[in-house]
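Please open the structure in your viewer and keep the sequence panel at hand. The tour below proceeds by selections, each followed by an account of what is to be found there.

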Amino acid sequence: MPILTKRTRLALAGAAAAVLAAGAPAAYATLDTERAQPQPSAVTSSAEAAAARGQAYVETRLFFGTERPDGGPDVTDRQFMAFIDRHVTPSFPSGLTVQDGRGQWRDAGGTIERERSYELMLLYPVTEARAHDRQIERIRDAYERAYAQESVARLDEPTRADF
């Protein structure tokens with residue numbers, strides 16, 4: 001074992017004390033519960049504020065295919081918009097959104113069908129959900145009958161809306 005001089009031992013002891021002293025504030029900082037608590041960020045506060053904004057609504061999306069399984073001609077843009085004017089707008093005069101789409105689904109015979117489609121988005125207050133449910137089902141039934149469709153898909157989700 002090497003023999004350490006008094007001067008070497010003092011130097012090593014001083015260096016060790018300096019290392020311990022330098023590390024102590026960091027160690028104590030991680031144990032300090034007041035300072036260790038995460039502070040709310042502006043992003044979190046903004047997201048929470050946005051979530052609280054608006055009223056409780058239901059978003060209903062309907063998906064309309066355009067190919068007719070009976071072999072008839074595809075539903076045209078003009079026919080679809082006439083359908084919207086006649087069957088949807090009277091029940092939802094405050095507004096709606098129609099988007100063009102491409103979709104696929106498996107028909108009753110097991111064939112995967114790919115076709116041009118439309119997505120209709122409706123927003124309405126939760127308090128009106130029961131009344132609108134009947135109206136939406138009438139819209140689905142009317143489209144299925146008018147254009148020989150097997151079905152019109154429906155998706156309902158709770159949301160918040162602010163206008």
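Helices, of at least four residues, and strands, of at least two, are DSSP runs numbered from the N terminus. In those terms, Ala148 is found in the loop between helix 5 and strand 4 (153-161); the tour will return to Ala148 at a later stop. The model is a predicted one.

**The whole chain**

Begin by displaying the protein chain as a cartoon. The protein chain contains 5 helices and 4 strands. Followed from the N terminus, its elements run in the order α-α-α-β-α-β-β-α-β. Of the 163 residues in the protein chain, 22% are buried. Among contacts between residues at least 6 apart in sequence, 69% join residues at least 24 apart.

**Helix 4**

Next, select residues 77-88, which form helix 4. This helix has 12 residues and reaches 15 Å from its first C-alpha to its last, close to the 16 Å expected at 1.5 Å a residue. Show the side chains of Phe80, Phe83, Ile84 and Val88, which are the buried residues to inspect in helix 4. Because they cover an arc of only 100 degrees around the axis, they lie on the same side of helix 4. A general rule is helpful here: an α-helix has 3.6 residues a turn, so residues three or four places apart point the same way.

Now turn to the face of helix 4 directed away from its buried side, where the exposed residues Arg78, Asp85 and Arg86 are carried. To see what covers the buried residues of helix 4, add strand 1 (55-65), strand 2 (97-106), strand 3 (112-125) and helix 5, which are included in that cover.

**Helix 5**

Select residues 129-146, the extent of helix 5. Helix 5 has 18 residues and spans 25 Å from its first C-alpha to its last, close to the 26 Å expected at 1.5 Å a residue. Its buried residues are His132, Gln135, Ile136, Ile139, Arg140, Ala142 and Tyr143. They cover an arc of only 165 degrees around the axis, and therefore lie on the same side of helix 5. These buried residues pack against strand 1, helix 4, strand 3 and strand 4. The face of helix 5 turned away from its buried side carries the exposed residues Arg130, Arg138 and Arg145.

**Where the two helices meet**

Keep helix 4 and helix 5 on display together. At what angle do helix 4 and helix 5 pack? The angle is about 140 degrees, and the axes are 11 Å apart. The crossing of helix 4 and helix 5 is right-handed. For the contact itself, show Phe80, Phe83, His87 and Val88 in helix 4, which meet Ile139, Ala142 and Tyr143 in helix 5. The residues of this contact divide into 6 nonpolar, 1 polar and no charged.

**Phe92, after helix 4**

Select Phe92, whose place is in the loop between helix 4 and strand 2. Is Phe92 buried or exposed? With a relative accessibility of 5%, Phe92 counts as buried. Leaving aside neighbours within four places in sequence, Phe92 is in contact with Leu122, Tyr124, His132, Gln135, Ile136 and Ile139. Leu123 may be added to the selection: Phe92 and Leu123 are 31 residues apart in sequence and 8.8 Å apart in space, C-alpha to C-alpha.

**Glu59, in strand 1**

Move to Glu59, which lies in strand 1. Glu59 has a relative accessible area of 17% and is therefore buried, since buried means under 20%. Apart from neighbours within four places in sequence, Glu59 is in contact with Met121, Leu122, Leu123, Leu155, Asp156, Glu157 and Thr159.

**Glu144 and Ala148**

Select Glu144, which lies in helix 5. With neighbours within four places in sequence left aside, Glu144 is in contact with Gln149, Glu150, Ser151 and Val152. The C-alpha atoms of Glu144 and Phe64 are separated by 9.0 Å, although the two residues are 80 residues apart along the chain.

The last selection is Ala148, just after helix 5. Ala148 has a positive phi of about 50 degrees although it is not a glycine. At 29% relative accessibility, Ala148 counts as partly exposed.

Technical notes:
Residues numbered from 1 in each chain as written. Predicted model: local features only at pLDDT ≥ 70, side-chain atom pairs only at ≥ 80, totals over all residues. Heavy atoms only, no water. Axes fitted to C-alpha atoms, helices over the stretch in contact; angles between N-to-C directions. Left-handed = near helix turned anticlockwise from the far one by under 90°. Contact = heavy atoms within 4.5 Å. Nonpolar A, V, L, I, M, F, W, Y, C, P; charged D, E, K, R; others polar. Expected span 1.5 Å × (residues − 1). Buried < 20%, exposed > 50% of the residue type's maximum accessible area, 1.4 Å probe, protein only. Arc of directions from axis to C-beta.
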